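Me: I would like to learn how to read a model like this one, feature by feature. Where should we begin?

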Amino acid sequence: MDKNDGYVSGQQLSDQLEISRTAVWKHMKELEKDGYKIEAIQRKGYRIISSPDKVSENTVQWGLNTDWLGHQLYHYKEVASTQDIAHQLAKQGKPHGTVVIADEQVKGKGRMSRPWHSPKGKGIWMSILLRPDLVPVQAPQLTLLAATVLAEVFIQKSELKPQIKWPNDILINHKKVSGILTEMQAEHDQIQYVVLGIGINVNQAADDIQGDLRHKASSLRIESEEEWSIAETIQCILHQFEKTYDQFMSQGFKKVKNVWEKYGYKIGEQVTIKTMKREWQAELIGIEPDGALKARDQKGNEEKLYSAEIMW
Ligand code: BT5
């Protein structure tokens, strides 16, 4: 694409892709429908003048430099929840690294069937299908891993200072901009697959955040005072996710833990912790080598928590 002023000939495309010249032309028409501006000049070939600033399979996959993540990518305008679609695809045998993205979710979900507000075109609502060689108790480590990926991407792309509220919230200036939902299918102590859901408020303006979310949620745009390109941000996340995941698989959780601790929210501070059974005051100490939350209660007892909520 760099040679010939960015033009690439129809013949070259047809040879490389092993499709007819007519098929190349049809693909160009498809790209135009998708919002790409393409110039076609006789004897020179085709050149992309501009890419649309929207999310589609093309805009996310174009320039996506991953080995396995997002090679199968499904984009929808509106879904109930990308999690449900990813589960269906998993059951159909779709591969590790399959990604589902939607512009809008009408029944987005958080943990414990809580609703996840996913307004049209304003955020990243995405599920990643993983087939990790892990035992089920390790699955929560993937949530922490994903949280570090998001924190690192926000830092790469802005001056923002993200923090991770254990286990799955990314906060900026004490407000939630992103949540992660890890769902797993396991049998005989072996994970069959994991659907890792990522929700990020990207381009909501302050007025777009309503009701009881007003005082506890925010968006990247509100905090950085800039619009973000959703497609480009997805690409960055996929790159960073693949890198971090491969490292985790080959070297274990230690590196993730170190990065996580850089961003840990209220570590060293007194908080209220809530579980199904009780609510109490404790000091957050950090995370354990396996990702569990480490806290110290008011009598000085150290506790290791696998499932709990840190209250606001
Ligand atoms: C989460 O749950 O934070 C996990 C959110 C995962 C969403 C993604 S989007 C793609 C994929 N498809 C899905 O259907 N889900 C995943 P949890 O920690 O339980 O937080 C839920 C709580 O966050 C709600 O009870 C609200 O208080 C709050 N909340 C809902 N929508 C929000 C939003 N857009 N931004 C910030 N907070 C929100």
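Reply: Begin with the domains. The C-alpha centres of domain 1 and domain 3 are 58 Å apart. Keep in mind that this is a predicted model.

Me: What are the bounds of the domains in the assignment?
Reply: The assignment gives domain 1 as 4-50, domain 2 as 57-263 and domain 3 as 270-310.

Me: How does the radius of gyration compare with that of a compact globule?
Reply: It agrees with it. A compact globule of 312 residues would have a radius near 20 Å, and the chain has 22 Å. Look at the box as well: along the principal axes, the C-alpha atoms fill roughly 80 × 45 × 35 Å.

Me: How many helices and strands does the chain have?
Reply: It has 8 helices and 14 strands. As for burial, 36% of the 312 residues count as buried. Then check sequence separation. Of the contacts between residues at least 6 apart, 58% join residues at least 24 apart.

Me: Which residues have the most contacts inside the largest nonpolar core?
Reply: Ile101, Met126, Ala146, Ala147, Leu150, Leu196 and Ile234 do, in a core of 64 residues. Helix α5, residues 139-157, supplies the largest share of this core, with 10 residues. Domain 2 and domain 3 both give residues to the core, so it lies between them.

Me: Which residues does leucine 150 touch, sequence neighbours aside?
Reply: Leaving out residues up to four places away, Leu150 touches Ile170, Ser178, Ile200 and Ile237.

Me: Now the sheet. In what order do the 7 strands of the open sheet run?
Reply: Read across: β3-β4-β5-β9-β8-β7-β6, with mixed pairing. Then look at the edges. β3 (73-79) and β6 (162-165) each have a single partner strand, so one side of each has no neighbour in the sheet. Neighbouring strands are turned by 20 degrees against each other on average, direction ignored.

Me: In which sense do β5 and β9 pair?
Reply: Antiparallel, over 8 bridges, between residues 123-130 of β5 and 190-201 of β9. To follow one bridge, take isoleucine 124: its partner in β9 is isoleucine 200. Ile200 is also among the residues touched by Leu150.

Me: Is strand β1 largely in the open or buried?
Reply: In the open. The number of buried residues among the 5 of β1 (37-41) is 0, so the strand lies largely in the open. It runs antiparallel to β2 (45-50), joined by 5 bridges. One of the pairs is alanine 40 with tyrosine 46. The two strands form a hairpin with 3 residues between them.

Me: What should I check in the backbone angles?
Reply: Look for departures from the usual. Most residues other than glycine have a negative phi, and most peptide bonds are trans. In the hairpin turn, arginine 43 has a positive phi of about 70 degrees.

Me: Where is glutamate 18 found?
Reply: In the loop between α1 (10-17) and α2 (21-33). Glu18 has a positive phi of about 55 degrees. With 7 other C-beta atoms within 10 Å, Glu18 is exposed.

Me: Is aspartate 189 buried or exposed?
Reply: Exposed. The cut-off is 12 or fewer other C-beta atoms within 10 Å, and Asp189 has 8. Asp189 lies in the loop between β8 (175-187) and β9. Its phi is near 60 degrees, a positive value.

Me: What is omega for the peptide bond from tryptophan 166 to proline 167?
Reply: Near -5 degrees, so read it as cis. Proline 167 sits in the loop between β6 and β7 (169-172).

Note on methods:
Residues are numbered from 1 along each chain as its sequence is written. This is a predicted model: local features need pLDDT of at least 70, side-chain atom pairs count only at pLDDT 80 or more; totals for chains, interfaces and linings use all residues. Helices (H or I, at least four residues) and strands (E, at least two) are DSSP runs, numbered from the N terminus. The radius of gyration is taken over C-alpha atoms; the globule rule is 2.2 Å times the number of residues to the power 0.38. A residue is buried if 20 or more other C-beta atoms lie within 10 Å of its own, exposed if 12 or fewer, and partly exposed in between; C-beta atoms are placed from the backbone. Two residues are in contact if their C-beta atoms, placed from the backbone, lie within 7 Å. A nonpolar core is a set of buried Ala, Val, Leu, Ile, Met, Phe, Trp, Tyr and Cys residues joined through C-beta atoms within 7 Å. Domain bounds come from an automatic or database domain assignment. Two strands pair if DSSP finds at least two bridges between them. Axes are lines fitted to C-alpha atoms, for helices over the stretch in contact, and angles run from 0 to 180 degrees between N-to-C directions.
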